[in-house]
Amino acid sequence: LSWQLGFGLLSDGEIERAVEVWNPFINEMPIDTALLDLGNRVEAERDLNQAERYFQAYTLMNPSLDRYEVLAGFYLRNGEIDQAVLTFEQSFNSLSGWQEEYMAGREAQIRFAWAKSVEAYEKAVALQPADQRPYFRLAQVLANNLGKLTEAAIYCEQGIHIAPDFYGCY
């Protein structure tokens with residue numbers, strides 16, 4: 001029943017109330033996984049308002065770097081740059097350390113502030129050298145936006161060493 005009530009609230013645009021209804025059951029039912037799957041499905045069908053609700057609820061269920069990236073990615077794919085920037089800025093309230101630097105790099109990247117993006121990604125790498133994502137994003141900016149292919153290749157190699165199956169540099 002709470003599953004259906006949550007989806008009813010979500011359809012009415014009451015995202016925070018839907019999340020409140022679902023939170024007690026998060027360990028019993030894969031609600032957050034369903035929200036991600038449904039968001040992807042309805043986005044593919046171009047029901048962008050409903051997809052946005054699913055992605056927002058998915059992010060609110062358990063705010064994390066990955067979830068903020070999912071929501072910001074939705075906005076970027078659909079040309080809503082200001083909303084993506086706002087999502088990155090909102091992540092600063094929930095994240096700290098290397099994750100906050102990583103998201104600052106993402107925000108700077110979509111604003112075309114290449115130097116700020118590089119600086120933030122370099123800080124993220126220094127704070128958490130065991131995560132591949134800042135390496136790949138840094139390599140992306142260096143190669144695609146600054147033409148520093150040799151330096152980008154070094155960061156790509158380091159990221160691949162950490163996570164050989166990660167798609168970032170392929």
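Glu107 is buried, with a relative accessible area of 11%, where buried stands for under 20% relative accessible area, exposed for over 50% and partly exposed for what lies in between, computed with a 1.4 Å probe on protein chains only. The side chain of Glu107 meets that of Arg111 in a salt bridge with an N to O distance of 3.2 Å, a salt bridge being a side-chain nitrogen of Lys or Arg within 4 Å of a carboxyl oxygen of Asp or Glu. Arg111, by contrast, is partly exposed at a relative accessible area of 45%. Arg111 also lies 9.5 Å from Asp82, C-alpha to C-alpha, although 29 residues separate the two in sequence. Asp82 belongs to helix α6 (residues 81-91) and is exposed, with a relative accessible area of 65%.

The model is a predicted one, in which local features need pLDDT of at least 70 and side-chain atom pairs count only at pLDDT 80 or more, while totals for chains, interfaces and linings use all residues. Residues are numbered from 1 along each chain as its sequence is written, and side-chain values use heavy atoms, with hydrogens and water left out.

**Overall architecture**

The secondary structure of the chain amounts to ten helices and zero strands, helices (H or I, at least four residues) and strands (E, at least two) being DSSP runs numbered from the N terminus. Along its principal axes, the C-alpha trace spans about 55 × 30 × 30 Å. The chain has 170 residues, of which 43% count as buried. Its accessible surface comes to about 9100 Å², and 49% of this belongs to carbon and sulfur atoms; the areas come from the Shrake-Rupley method with a 1.4 Å probe, and for residues only the protein chains shown count as cover. Among contacts (heavy atoms within 4.5 Å) with a separation of 6 or more, 46% are made by residues 24 or more positions apart.

**Salt bridges**

There are nine salt bridges in the structure, including the three in the table.

| Pair | Closest N to O distance |
|---|---|
| Arg137 and Glu69 | 3.6 Å |
| Arg111 and Glu107 | 3.2 Å |
| Arg133 and Asp131 | 2.7 Å |

In the pair of Arg137 and Glu69, Arg137 lies in helix α9 and Glu69 in helix α5 (residues 65-77), so the bridge ties together parts that are 68 residues apart in sequence. Glu69 is buried, its relative accessible area being 15%. In the pair of Arg133 and Asp131, Arg133 counts as buried at 14% relative accessibility, and Asp131 is likewise buried, with a relative accessible area of 11%. Through salt bridges that share partners, Asp131 and Arg133 are joined with Asp66 into one network.

**Helix α8 and its surroundings**

Helix α8 covers residues 114-127, 14 residues in number, and reaches 20 Å from its first C-alpha to its last, close to the 20 Å expected at 1.5 Å a residue, the expected span being 1.5 Å times one less than the number of residues. Its buried residues are Ser117, Val118, Ala120, Tyr121, Ala124 and Val125. Seen down the axis of α8, these buried residues fall within an arc of 165°, so they line one face of the helix; the arc is that of the directions from the helix axis to the C-beta atoms. An α-helix has 3.6 residues a turn, so residues three or four places apart point the same way. The face of α8 turned away from its buried side carries the exposed residues Ala115, Lys116, Ala126 and Leu127. Cover for the buried residues of α8 includes helices α7 (97-110) and α9 (132-145).

**Aromatic pairs and a buried serine**

The structure holds six aromatic pairs, in which rings of Phe, Tyr and Trp (its six-membered ring) have centres within 6.5 Å, planes under 30 degrees apart counting as stacked, over 60 as edge-to-face and the rest as tilted. The rings of Tyr102 and Tyr121 have their centres 5.8 Å apart and their planes at 55°, so this pair is tilted. The pair links distant parts of the chain, with Tyr102 in helix α7 and Tyr121 in helix α8, 19 residues apart. Tyr102 counts as buried at 1% relative accessibility, and Tyr121 is buried with a relative accessible area of 0%. Elsewhere, Phe55, Phe74 and Tyr75 form one aromatic cluster.

Ser91, found in helix α6, is buried with a relative accessible area of 0%. Leaving aside residues up to four places away in sequence, Ser91 touches Tyr68 and Met103.
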